[in-house]
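Please look through the predicted model shown here, following the ligand and its surroundings before turning to the packing of nonpolar residues.

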Amino acid sequence: MIFAANFKTNHTRTSTKEYILKLENLVKNSSDEFYIFPPTSALQSSFGKVIIGTQNAYPTKNGAFTGEIGLEQLEEFSIKTILIGHSERRTILGESQEFIAQKFDFFKNNGFKIIYCIGEPLEVRESGESKVIEFLAEQFNGIDINYENLIIAYEPIWAIGTGVSATNIQIASTHKAVKQICNQPLLYGGSVNSSNIKEVLSTANVDGVLVGSASLEVENFHTLFN
Ligand code: PEP
């Protein structure tokens, strides 16, 4: 199984270092895969089993992109993993599908492992499963779904940070449809916590989870894979 933690705009460089040290200790005998996405200021090189990735980067080696980081800054820490398409970047930061596809291509061409996020807003979910699948299919526009270093994360927007996870029936049917579009490892994300993790991981076509809030304390994250 794959366990990925998205810290978003939480944790400092110091607290991230402490977190990773503790996590390394907890996962050393595990056969699962672990990814941590700290904020940019806390990026550091991976030194053990836990793979450290970036929540974002601009599709450039370097240049005049105020406030962004590029390949050169990631290379300093040997970072080769990136989250692309997270709903907070699509909606709050206004990233278009066209820009996301450009970013995807750039990091694919540089051999990155990409965790590519897709997910529908509540009004689409409320219009029925076939509308959800149509919506998700559009989020693959311009994306090389056969890229060998790709993991997909299905994260319904209405489930992110709300405490309301998708039901296992919704996850099962949506994951089945997503796997038919793109046959890659597929994570579920959206209010995963210690109460629902067993059910989520036992759902068909779930290869792991992408976790926000419940990953912020290492002890709490540990309960998900313990
Ligand atoms: C996320 O933002 O990727 C996420 C899954 O957040 P949360 O677990 O807090 O819903």
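In this predicted model, the ligand sits in the second largest pocket. There are 14 residues around the ligand, and those that come nearest are Lys8, Glu155, Gly161, Ser191 and Ser213.

Two of these nearest residues also appear among the polar contacts of the ligand. An N or O atom in the side chain of Glu155 lies 2.7 Å from an oxygen atom of the ligand, while at Gly161 the partner is a polar backbone atom, with an oxygen atom of the ligand 2.7 Å away. The side chain of His86 takes part as well, where an N or O atom is 2.9 Å from an oxygen atom of the ligand. On its own the ligand has 290 Å² of accessible area, and the protein covers 99% of that area.

Away from the polar contacts, the nonpolar packing can be considered. In soluble globular proteins, nonpolar side chains tend to be buried together. The largest nonpolar core in this model has 58 residues, and the residues with the most contacts inside that core are Tyr19, Leu23, Phe107, Ile114, Tyr116, Ile152 and Phe221. Tyr19 serves as an example: leaving aside residues up to four places away in sequence, Tyr19 touches Ala5, Phe7, His11, Ile36, Ser215, Leu216, Glu217, Val218 and Phe221. Apart from the largest core lies another core, of 11 residues, including Ala4, Phe37, Ala153 and Leu187.

Note on methods:
Residues numbered from 1 in each chain as written. Predicted model: local features only at pLDDT ≥ 70, side-chain atom pairs only at ≥ 80, totals over all residues. Heavy atoms only, no water. Core = buried A, V, L, I, M, F, W, Y, C linked by side-chain atoms within 4.5 Å. Buried < 20%, exposed > 50% of the residue type's maximum accessible area, 1.4 Å probe, protein only. Contact = heavy atoms within 4.5 Å. Near = heavy atom within 4 Å. Polar contact = N/O pair within 3.5 Å; in protein donor to acceptor, adjacent residues only side chain to side chain. Areas by Shrake-Rupley, 256 points an atom, 1.4 Å probe, with all protein chains shown as cover. 1 Å grid on protein atoms, 1.4 Å probe; cavity = no way out; pocket = protein on both sides within 12 Å on 5 of 7 lines; lining within 4 Å. Sits in = over half its atoms within 2 Å of the grid points.
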